[in-house]
Amino acid sequence: MEDGKLGGAIRAARLAQHISQETLAEMVSITPTHLKHIESEHRKPSLDVLWRLARILPVSYTHLRAHETRG
């Protein structure tokens, strides 16, 4: 996975908080498989999911959006 990608930013923030994919997926109301695809850059999250991730993880929505537009 390349640095600066949205999925990598989400994964790094999740790991920094010691949250499993399963737990974060449950917190965001998506499946663990969907989160795995987002983190691996196979899928982009909807704006709704991105917003929920930004509310849970210690990064701003703007920070995550900046990563999304670079990819």
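Mentor: A salt bridge is a side-chain nitrogen of Lys or Arg within 4 Å of a carboxyl oxygen of Asp or Glu. What you have above is a predicted model, where local features need pLDDT (the predictor's confidence in each residue, from 0 to 100) of at least 70, side-chain atom pairs count only at pLDDT 80 or more, and totals for chains, interfaces and linings use all residues. Residues are numbered from 1 along each chain as its sequence is written, and side-chain values use heavy atoms, with hydrogens and water left out.

Trainee: By this rule, what does the count of salt bridges come to?

Mentor: Let's go through them. R14 meets E39 at 2.6 Å, N to O, and D48 meets R52 at 2.5 Å. K44 pairs with E41, with the closest N and O atoms 3.2 Å apart. By the rule, the count comes to three.

Trainee: How many helices are there in the protein chain?

Mentor: Helices (H or I, at least four residues) and strands (E, at least two) are DSSP runs, numbered from the N terminus. From that end on, the elements run α-α-α-α-α. Strands number zero, and the helices number five.

Trainee: In which helix is confidence lowest?

Mentor: Over the protein chain, pLDDT averages 85, and 77% of the residues score at least 70. Helix α2 (residues 21-28) has the highest confidence, at 98. Where pLDDT is low, the predicted coordinates should not be read in detail. At a mean of 60, the lowest confidence is in residues 61-70, helix α5.

Trainee: Back to the salt bridges: how many residues apart are R14 and E39?

Mentor: Their side chains meet at 2.6 Å, N to O. This pair links distant parts of the chain, with R14 in helix α1 and E39 in helix α3. Along the sequence, their separation is 25 residues.

Trainee: Is E39 buried or exposed?

Mentor: The cut-offs are under 20% relative accessible area for buried, over 50% for exposed, and partly exposed in between (1.4 Å probe, protein chains only). E39 sits in helix α3 (residues 32-39). Its partner R14 is buried. Because E39 has a relative accessibility of 2%, the label for E39 is buried.

Trainee: And what is the relative accessible area of D48?

Mentor: D48 and R52 are four residues apart in helix α4 (residues 47-56), so about one helical turn separates them. R52 is partly exposed, with 23% relative accessible area. D48 is also partly exposed, and its value is 45%.

Trainee: Within what arc do the buried residues of α1 fall?

Mentor: In helix α1 (residues 6-16), the buried residues are L6, G7, A9, I10, A13 and R14. Looking down the axis, they line one face of the helix, because they fall within an arc (taken from the directions from the helix axis to the C-beta atoms) of 165°.

Trainee: Which residues are buried in α4, and what arc do they cover?

Mentor: An α-helix has 3.6 residues a turn, so residues three or four places apart point the same way. In α4, the buried ones are V49, L50, L53 and A54. They lie on the same side of α4, because the arc they cover around the axis is only 135°.

Trainee: Which residues have the most contacts inside the largest nonpolar core?

Mentor: A nonpolar core is a set of buried Ala, Val, Leu, Ile, Met, Phe, Trp, Tyr and Cys residues joined through side-chain atoms within 4.5 Å. The largest one has 15 residues. Helices α1, α2, α3 and α4 each supply at least two of them. Top for contacts inside this core are I10, L24, I30, L53 and L57.

Trainee: Which residues does L35 touch, not counting those up to four places away in sequence?

Mentor: L35 is in helix α3, and it counts as buried because its relative accessibility is 0%. A contact here means heavy atoms within 4.5 Å. On that basis, L35 touches I10, R14, Q21, L24, A25 and I30.

Trainee: What about K36: how far apart in space are K36 and R11, C-alpha to C-alpha?

Mentor: K36 is in helix α3 too, and it is exposed, with a relative accessible area of 51%. In sequence, K36 and R11 are 25 residues apart. In space, C-alpha to C-alpha, their separation is 9.1 Å.
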